[in-house]
Amino acid sequence: MNYEHLEKKRESIRTILKKMFSITEDAASNEEIRDRILSGGKITGTNMVVMMCAILIASIGLNTNSIAVIIGAMLISPLMGSILAIAYGTVSNDGYLIKQHATGLAVQIGISIATATVYFLLSPVKEPTEQLLARTNPNFFDVIIAAAGGIAGIVGQTRQDKSNNIIPGVAIATALMPPLCTCGYAIANLNPRMFLGAFYLFIINAYFIYISSSVMLTLLKTPKIKAMTPEEWKKSKKKMYRNTLLVLLPIILIAFAIK
């Protein structure tokens, strides 16, 4: 009797925990999720203007060492939308979407760095500030932040209730915009080492947002436009492990070098 009571209690606790941490409990429909994510990744004239304003504000914040200004720029940056759209294209096995939004992201990166470079060429303040230097030394904490940000970003985008503050919070935490501004500073001041450090930080942030959001979309059973064969799925997983190792390799080497 006591054993049965104990089993019922355990089952009740498992049910409660499963419900508490369920990501499908209040998820929007597949159609709504698709429309929401892909619309956020669109490259439009409006998005380009907003992005250039964001990069300019972030550059000023980095140049003047103002954390508040940098945070303001991250809140209006549209960069994360393209990354989430690429993740959706990957999970839905839609090559056209991947190509479209990857091209869009590349355009955004190019325009962001160009805008920041022009600003720092014209800026009278040439000395690197603490906030600029902070974007040149990525570490494992950045990996964890980006991965957690990708998870939170997809959770926010896939809920039935659109009125949440998850995406702005994720934008601040993952900090996609400041590393690109730092790249612009490095180009304007002919500092290739600084450029490599800042661009590597951006790659870490973007890649682990992409990977973690892809995992979450897979758990949400995102519909595929065409089924993957076991061989294709195996090949896709191998590619993901290889790319993840390549992205992490510099951090691993730096960690061993420090020791």
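A residue is called buried here when its relative accessible area is under 20%, exposed when over 50%, and partly exposed in between (1.4 Å probe, protein chains only). By that rule Tyr207 and Phe208 are both buried. The model is predicted, so local features need pLDDT of at least 70 and side-chain atom pairs count only at pLDDT 80 or more, while totals for chains, interfaces and linings use all residues. Residues are numbered from 1 along each chain as its sequence is written, and side-chain values use heavy atoms, with hydrogens and water left out.

**Aromatic pairs and the core**

Rings of Phe, Tyr and Trp (its six-membered ring) pair if their centres lie within 6.5 Å; planes under 30 degrees apart are stacked, over 60 edge-to-face, and the rest tilted. Six aromatic pairs meet this rule. One of them joins Tyr207 and Phe208 edge-to-face, at 5.2 Å centre to centre and 90 degrees between the planes. Ring pairs also link Tyr119, Phe120 and Tyr185 into a cluster.

A nonpolar core is a set of buried Ala, Val, Leu, Ile, Met, Phe, Trp, Tyr and Cys residues joined through side-chain atoms within 4.5 Å. The largest has 59 residues, of which Ile37, Leu79, Leu176, Met177 and Phe208 touch the most other members. Helix H11 (residues 192-219) gives the most to this core, 12 residues. Helices are DSSP runs (H or I, at least four residues), as strands are (E, at least two), numbered from the N terminus.

Contact means heavy atoms within 4.5 Å. Apart from neighbours within four places in sequence, Ile37 has contacts with Gly81, Leu84, Ala85, Tyr88, Ile154, Gln157 and Leu217.

**A buried glutamine**

Gln108 belongs to helix H6 (residues 95-122). Gln108 counts as buried because its relative accessibility is 1%. The side chains of Gln108 and Ser82 share a polar contact of 2.7 Å. Such a contact is a pair of N or O atoms within 3.5 Å; within protein, one must be able to donate a hydrogen and the other to accept it, and residues adjacent in sequence count only if both atoms are side-chain atoms. Beyond neighbours within four places in sequence, the contacts of Gln108 are Ile43, Met48, Met51, Pro78, Leu79 and Ser82.

**Positive phi in two loops**

Asn65 and Asn93 are listed below.

| Residue | Phi | Loop between | Relative accessible area |
|---|---|---|---|
| Asn65 | near 65 degrees | H3 (45-63) and H4 (67-76) | 33%, partly exposed |
| Asn93 | near 60 degrees | H5 (79-91) and H6 | 18%, buried |
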